[in-house]
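Me: Please take me through the fold and the packing of this model, with the criteria behind each term.

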Amino acid sequence: MVARALAGHFTEARRALDDPAGRWGDGDPVPRRFTAEQLTALVAATGVEVGAVHGVRVFADLVPGVLVDTEPGALDALLKLEAAAAELPAFHSVATQLHVLGEKRA
C-alpha cells in the first residue's frame with residue numbers, strides 16, 4: 001500500500017517536471033511555481049535591479065520538529081544551515097520559497 005502511494009507521488013512529480021507551468025496536476029492548489037531565473041526576469045521587467053535571490057526553507061521542512069525541539073543545539077544548527085544554503089543557486093530549486101531582493105532606481 002505504501003509503495004503504491006509513493007509511486008503515485010513520484011509519477012506526479014515526473015509530470016510536474018514536464019509541465020511548463022510547474023504544476024503537480026489538476027489538484028495542485030498552487031497556481032504557479034517559478035524558477036529563480038523566471039522570477040528574476042519578472043522582477044527585472046518591472047524596472048527593479050535584482051541584487052540577490054535567497055532560497056527559504058531549504059531544509060527546515062525536511063527535519064522532524066521533534067528533533068529540533070528535543071535535541072540540544074539542533075535549532076541553531078538548522079538555522080545556520082539554512083543561512084548557508086539560502087544564497088547558493090544549487091538549493092533554489094528545492095527551497096519552498098524564493099525571496100528576491102532588489103532596488104528600484106529613480
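The questions below go from the whole chain to one helix and one loop residue.

This is a predicted model, in which local features need pLDDT of at least 70, side-chain atom pairs count only at pLDDT 80 or more, and totals for chains, interfaces and linings use all residues. Residues are numbered from 1 along each chain as its sequence is written, and side-chain values use heavy atoms, with hydrogens and water left out.

Me: Which pattern does the protein chain follow along the sequence?
Reply: Helices (H or I, at least four residues) and strands (E, at least two) are DSSP runs, numbered from the N terminus. The protein chain has 4 helices and 2 strands. Read along the sequence, their pattern is α-α-β-α-α-β.

Me: On which side of helix 2 are Ala36, Leu39 and Thr40, the same or the other?
Reply: In helix 2, residues 36–45, these three are buried, meaning under 20% relative accessible area, with exposed over 50% and partly exposed in between (1.4 Å probe, protein chains only). Because they cover an arc of only 95° around the axis, taken from the directions from the helix axis to the C-beta atoms, they lie on the same side.

Me: What do the buried residues of helix 2 pack against?
Reply: Glu37 and Ala45 are exposed on the other side of helix 2. The buried residues pack against strand 1 (48–56) and strand 2.

Me: Which residues does valine 94 touch, not counting those up to four places away in sequence?
Reply: Valine 94 is in the loop between helix 4 (74–86) and strand 2 (97–104). Its C-alpha is 8.6 Å from that of a residue 37 positions apart in sequence. With contact meaning heavy atoms within 4.5 Å, valine 94 touches Arg57 and Val58.
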